Amino acid sequence: LVRPQDLELAERAVELGRSLVDSHPQVAKCRRELSNALRILAATLFHWHRPEEAAEHALAAVDSARILTGLDNGWSTRYLLAGTSSEACKNLIILGRHDEALAYGRTAIEIYKELAGERPSPSHLNNMALVNLYLAQTLRALERPEEAERAARDALKLLDNAEKAGASPDSILRFRVLLALGHAAQGRGDADAAIKHVQGALAVAPDPVVRPWFGLVASAHHLLSDIRLRGGAFDASLEHARQFLRFRKEQVAAERGAPQGLISAPAWRVRTLEILSGVRPFESPMDHCFVAYLLHTARRFEKSVVHWRSALEDDTIRGDLGRGHLYNAACSAARASEGATGAQAKRLRDLALEWLAADRALRRARMTQVRDRRPQPPNIDKLEASYARTLEHARVKDADLAAIRDLPAFKRIFGEDSKMEGAKTEAGGSK
């Protein structure tokens with residue numbers, strides 16, 4: 001249990017550690033104290049849901065441990081470097097910096113393997129299992145599913161070997177690894193295997209569920225709800241969504257500092273599934289919007305389009321570029337056209353093009369306003385990069401738009417973007 005005063009103590013320890021290193025830069029013990037203090041502060045900040053600061057201090061801990069290896073490259077120093085690298089990997093995953101996370105995770109694995117060769121211990125197996133779990137998570141985010149599944153299977157094997165070698169069972173880590181295997185199985189379309197892995201994870205959890213299990217059990221029910229939804233089993237999906245919401249509320253109540261936003265996602269999911277199951281009526285255009293999203297997830301694309309039509313009658317929903325409702329509606333219509341024939345397929349393609357054109361027009365107008373603003377906003381470079389990413393994703397990469405990508409009308413839509421970018425380049429060159 002992390003107490004509020006622990007954060008203040010951890011920050012003070014880092015201050016003292018830095019003071020010691022400033023006074024005695026070549027003394028390994030001082031550098032070691034700073035490295036450990038930074039690692040503890042990162043872990044404390046992580047607990048208090050302050051991920052940017054946690055990552056900053058985790059990376060500082062790695063840098064400090066690397067400097068320490070120049071003063072003392074003994075076993076304990078390398079063990080510290082492996083641990084800080086593992087922590088950095090975890091924190092970078094939370095921030096979505098997956099390429100960096102992958103590099104730190106692989107560094108940790110290499111060092112742990114080296115240490116295990118020098119001093120065999122079940123604890124090294126558990127440590128490597130944890131890092132393999134992080135690798136599975138970040139590889140899944142990088143859309144490398146086969147590698148992600150291998151990493152998760154390696155983690156499970158390491159856990160089994162650790163227990164055979166005498167290590168105490170790590171139930172939480174086993175739960176998380178089985179959940180990662182569930183995600184991997186779902187990713188390759190094997191719903192039965194995914195359900196088996198997730199149910200295996202839930203069997204590891206205590207009954208009744210207690211802290212610190214609330215968030216883990218919530219995540220398992222979320223995955224089961226998603227699997228059932230994709231199979232069209234709306235009632236079963238609803239039951240797991242209700243469990244998801246129940247345990248997420250327990251998590252927020254138990255963890256001081258947990259963002260209340262953790263509750264909003266399961267709450268809207270439960271509400272939407274209640275509508276799909278006939279338990280609750282439609283009450284607003286946003287209800288149609290949420291139903292459209294879930295039906296798209298369930299690959300009921302034509303039904304999704306019906307609800308997109310109702311949702312997009314609302315100007316606020318149409319104009320919400322942050323959530324991209326127009327764009328997502330175009331994706332549903334394009335997908336629906338793949339399963340239709342004749343005149344119906346053409347109507348759906350035309351509708352997809354209409355919604356996509358409206359989305360691109362809004363985005364071009366918004367970006368033009370930003371570029372014309374004086375003085376320009378300080379985050380203009382990030383806005384330009386984000387605009388370029390969304391443009392490239394829609395124009396080339398998004399598989400949902402494959403059915404309309406070769407149509408002349410699609411090319412005309414993005415021709416307007418090309419004209420705008422060309423005008424921007426000319427304006428920039430004339431200054």
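Select Gly232 to begin: this glycine follows helix H10 and has a positive phi, near 80°. The model on screen is a predicted one.

**Helix H10**

Step back from Gly232 and select residues 214-230, which form H10. The helix has 17 residues and reaches 24 Å from its first C-alpha to its last, close to the 24 Å expected at 1.5 Å a residue. Is H10 mostly covered or mostly open? Colour by accessibility to check. It is mostly covered, as 13 of its 17 residues are buried.

**The loop before H10**

Move to the loop between helix H9 (191-204) and H10, where Pro208 is found. A cis peptide bond joins Asp207 and Pro208, with omega about 5°. Pro212 has its place in the loop between H9 and H10 as well. Here the cis bond is between Arg211 and Pro212, and omega is about 10°. For context, most peptide bonds are trans.

**The whole chain**

Zoom out. The chain contains 19 helices and zero strands. Its C-alpha atoms fill a box of roughly 75 × 65 × 40 Å along the principal axes. Of the 431 residues, 46% count as buried. Among contacts with a separation of 6 or more, 62% come from residues 24 or more positions apart.

**The largest pocket**

Display the pockets next. The largest holds about 1,500 Å³ of space. Of its 37 lining residues, select the ones closest to the centre: Phe46, Ile94, Arg176, Leu216 and Gln251. To show the helices around this pocket, select those that give two or more residues to its lining:

- H2 (28-47) and H4 (75-94)
- H6 (122-141), H7 (145-164) and H8 (171-187)
- H10 (214-230) and H11 (234-254)

Colouring the lining by residue class gives 19 nonpolar, nine polar and nine charged residues.

**The second largest pocket**

The second largest pocket has a volume of about 480 Å³. Which of its 17 lining residues should be selected to find the centre? Arg230, Tyr293, His296, Thr297 and Asp400 are the closest to it. The elements giving two or more residues to this lining are H10, H12 (261-276), H13 (285-297), H14 (301-311) and H16 (325-338). By class, the lining divides into six nonpolar, five polar and six charged residues.

**Trp268 in H12**

Select Trp268, found in helix H12. Trp268 counts as partly exposed because its relative accessibility is 27%, between the limits of 20% and 50%. Leaving aside neighbours within four places in sequence, Trp268 is in contact with Phe290 and Leu294. For a distance across the model, pick Trp268 and Glu146: they are 122 residues apart in sequence and 32 Å apart in space, C-alpha to C-alpha.

**Helix H7**

Select residues 145-164, helix H7. The end C-alpha atoms of H7 are 29 Å apart, which agrees with the 28 Å that its 20 residues should span at 1.5 Å a residue. Its buried residues are Ala148, Glu149, Ala151, Ala152, Ala155, Leu156, Leu158, Leu159 and Ala162. Show H6 and H8 as well, since both are included in what covers the buried residues of H7. After H7 comes Gly166, with a positive phi near 110°.

**Arg174 in H8**

Continue to Arg174, which has its place in helix H8. Is Arg174 buried or exposed? It counts as buried because its relative accessibility is 17%, and the limit is under 20%. Not counting residues up to four places away in sequence, Arg174 touches Leu156, Leu159, Asp160, Glu163 and Val204. One of these gives a polar contact: the side chains of Arg174 and Asp160 meet at 2.9 Å.

**Two positive phi values outside glycine**

Most residues other than glycine have a negative phi. The last two stops go the other way.

Select His49, in the loop between H2 and helix H3 (51-71). Phi of His49 is near 55°, a positive value. With a relative accessible area of 30%, His49 is partly exposed.

Finish at Arg299, in the loop between H13 and H14. Phi of Arg299 is also positive, near 65°. Arg299 counts as exposed because its relative accessibility is 54%, and exposed means over 50%.

Conventions
Residues numbered from 1 in each chain as written. Predicted model: local features only at pLDDT ≥ 70, side-chain atom pairs only at ≥ 80, totals over all residues. Heavy atoms only, no water. 1 Å grid on protein atoms, 1.4 Å probe; cavity = no way out; pocket = protein on both sides within 12 Å on 5 of 7 lines; lining within 4 Å. Points joined across faces, edges and corners; volume = space filled by probe spheres on them. Helix = DSSP H or I, 4+ residues; strand = E, 2+ residues; numbered from the N terminus. Nonpolar A, V, L, I, M, F, W, Y, C, P; charged D, E, K, R; others polar. Buried < 20%, exposed > 50% of the residue type's maximum accessible area, 1.4 Å probe, protein only. Polar contact = N/O pair within 3.5 Å; in protein donor to acceptor, adjacent residues only side chain to side chain. Contact = heavy atoms within 4.5 Å. Expected span 1.5 Å × (residues − 1).
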